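Welcome, and please take a look at the model below. The briefing that follows goes through it topic by topic.

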Amino acid sequence: MDRTHLLSDQDEVHSGPSCPGESYADPNTVPGDHGATAPPADLMPVVPGYESLGPNVIPPSDFGSAQPQAPYRAPERRFDIPAISEELAQEAFTKYVSSKCCYGSKPAREMVFTDLQSLNTYRYRLETFTESRTTEWDSEPYNGQVVDGFGVAPGPWSIPVPIPSLFKDCEKAVRVPHTSTVKGCHSCLNLGRSACGRCVNSGRTRCGSCSGTGWTQSSDRQRCMMCRGSGMIKCHSCGGVGSITCKTCKGQGKLLCFIKLKVTWKNNIHVAVIDKRSGFPVEYLDQIAGEKLLTDMASMVYPVVGFPDSSVNAASESAVREHQAQFSTTCHILQQRQTIELIPITRVHYTWNEKTYIYFVYGIEHKVYTKDYPAKCCCCSIL
Ligand SMILES: [Zn+2]
Ligand SMILES: [Zn+2]
Ligand SMILES: [Zn+2]
């Protein structure tokens, strides 16, 4: 494991999504500002139970397999809703047309309804909230902290880390107890200082005022006042000393190394829209709120059975199966939630000027979608 890798991993932890886990109230929580890196892995001791550290997630073998609860039986009621009234359909349409700068209002005013069809559309959503864990060596400057490298380190999955909040992505890093050890700093070879890169240890750099010549560039050619003619000035980076405090050990020359446990919580979402192939583009529904018909939450949900529309049952069945296959071996599934929403869609057929047209009124907000409005000006038809 190289140094850059460790650095980038640390950055991820400390600049991750903001969540309560970053408050580091727990004394075991890894502080975020030490900026140290751990020595190369081959210099580190082998801790029983932590033989292979790295980016791969640790299978949650410590858990008994959770049993799904009893099948979720949908209530015995029909979720059919009638098509909206002609009055409402026309009102929504008129509002929509007036919001378009180059739609003429005539068809919306003069149209004659021929049919209004209700197209119940269901949105099924499965959320699987998972926790995964990885481990790696980390370090901080050693200045006399307690070293707890005695005793048996608890397994990666037996360290309790409280969940900040359900169904929200979050990350947290904690120190694994009984893994700390003191090592010399590999960056500065225990010196606490490293060579100044700017002056290459000399403590002096070329004078910028005279470009190192010792003389001014003007025609009268005088001795440079900045460097008193020497062409060199004191290095700003190290103050003329030639070395700087080691960033890894903050000048201590020693590091407290420990195994860091990284815990990642993720809400994995699967959405299925069961549409009626009505010609309505389902992607328009992404931003639309539906009416919640069912919410079922458990540590492991069972697919919905008995919902009046069997496509919803099938969508639930395949989503639950898919998430189980995807997450149960690599993550600990903490909680699942499935919801079914009803999104009302009405397809409106109307005639105007002896021709037939269609538009859709959708969502509880009564939004309108149409692609064949008869009175667009030419710029719209090009677009
Ligand atoms: Zn100079
Ligand atoms: Zn320097
Ligand atoms: Zn150092």
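Over how many bridges do strand β14 and strand β15 pair, and in which sense? In this predicted model, β14 (residues 345–352) and β15 (residues 355–362) are joined by eight bridges and run in the antiparallel sense. Let us start with the sheet they belong to, then move on to a helix, a buried glutamate and the confidence of the prediction.

**The sheet around β14 and β15**

- The sheet is open, has four strands in the order β2-β14-β15-β16, and its pairing is antiparallel.
- Because β2 (112–118) and β16 are the edge strands, each with a single partner strand, one side of each has no neighbour in the sheet.
- On average, neighbouring strands here are turned by 25° against each other, with direction ignored.
- β15 also pairs with strand β16 (residues 367–369), again in the antiparallel sense, over three bridges.

**Residue partners and hairpins**

- Phenylalanine 360 in β15 is a handy landmark: arginine 347 stands opposite this phenylalanine, and in β16 its bridge partner is tyrosine 369.
- Tyrosine 362 has lysine 367 as its bridge partner in β16.
- Two residues lie between the strands in the hairpin of β14 and β15, where asparagine 353 takes a positive phi near 55°.
- The hairpin of β15 and β16 has four residues between the strands, and here glycine 363 takes a positive phi near 80°.

**Helix α4**

- How far apart are the end C-alpha atoms of helix α4? They are 26 Å apart, which agrees with the 26 Å that its 18 residues (310–327) should span at 1.5 Å a residue.
- Val312, Ala315, Ser316, Ala319, Val320, His323 and Phe327 are the buried residues of α4.
- Viewed down the axis of α4, these buried residues fall within an arc of 125°, so they line one face of the helix.
- An α-helix has 3.6 residues a turn, so residues three or four places apart point the same way.
- Ser310, Arg321 and Ala325 are exposed on the other side of α4.
- Packing against the buried residues of α4 are β3 (121–141), β10 (254–274), β12 (304–305) and β13 (332–343).

**Glutamate 131**

- Is glutamate 131, a residue of strand β3, buried or exposed? Glutamate 131 counts as buried because it has 20 C-beta neighbours inside 10 Å.
- Leaving aside residues up to four places away in sequence, glutamate 131 touches Val263, Trp265, Cys331, His332 and Leu334.
- Proline 60 is 71 residues from glutamate 131 in sequence, yet their C-alpha atoms are 9.3 Å apart in space.

**Confidence of the prediction**

- The chain has a mean pLDDT of 84, with 83% of its residues at 70 or more.
- Among the elements of the chain, strand β4 (residues 170–175) has the highest mean pLDDT, 96, and helix α1 (residues 3–14) the lowest, 34.
- Over residues 1–17 pLDDT stays under 50, and the model has 17 contacts beyond four places in sequence for this stretch.
- Residues 21–27 also stay under 50 in pLDDT, with seven contacts beyond four places in sequence.
- Where pLDDT is low, the predicted coordinates should not be read in detail.

Key
Residues numbered from 1 in each chain as written. Chains lettered and ligands numbered in written order. Predicted model: local features only at pLDDT ≥ 70, side-chain atom pairs only at ≥ 80, totals over all residues. Expected span 1.5 Å × (residues − 1). Buried ≥ 20, exposed ≤ 12 C-beta atoms within 10 Å, placed from the backbone. Arc of directions from axis to C-beta. Contact = placed C-beta atoms within 7 Å. pLDDT = per-residue confidence, 0-100. Pairing = 2+ DSSP bridges. Axes fitted to C-alpha atoms, helices over the stretch in contact; angles between N-to-C directions.
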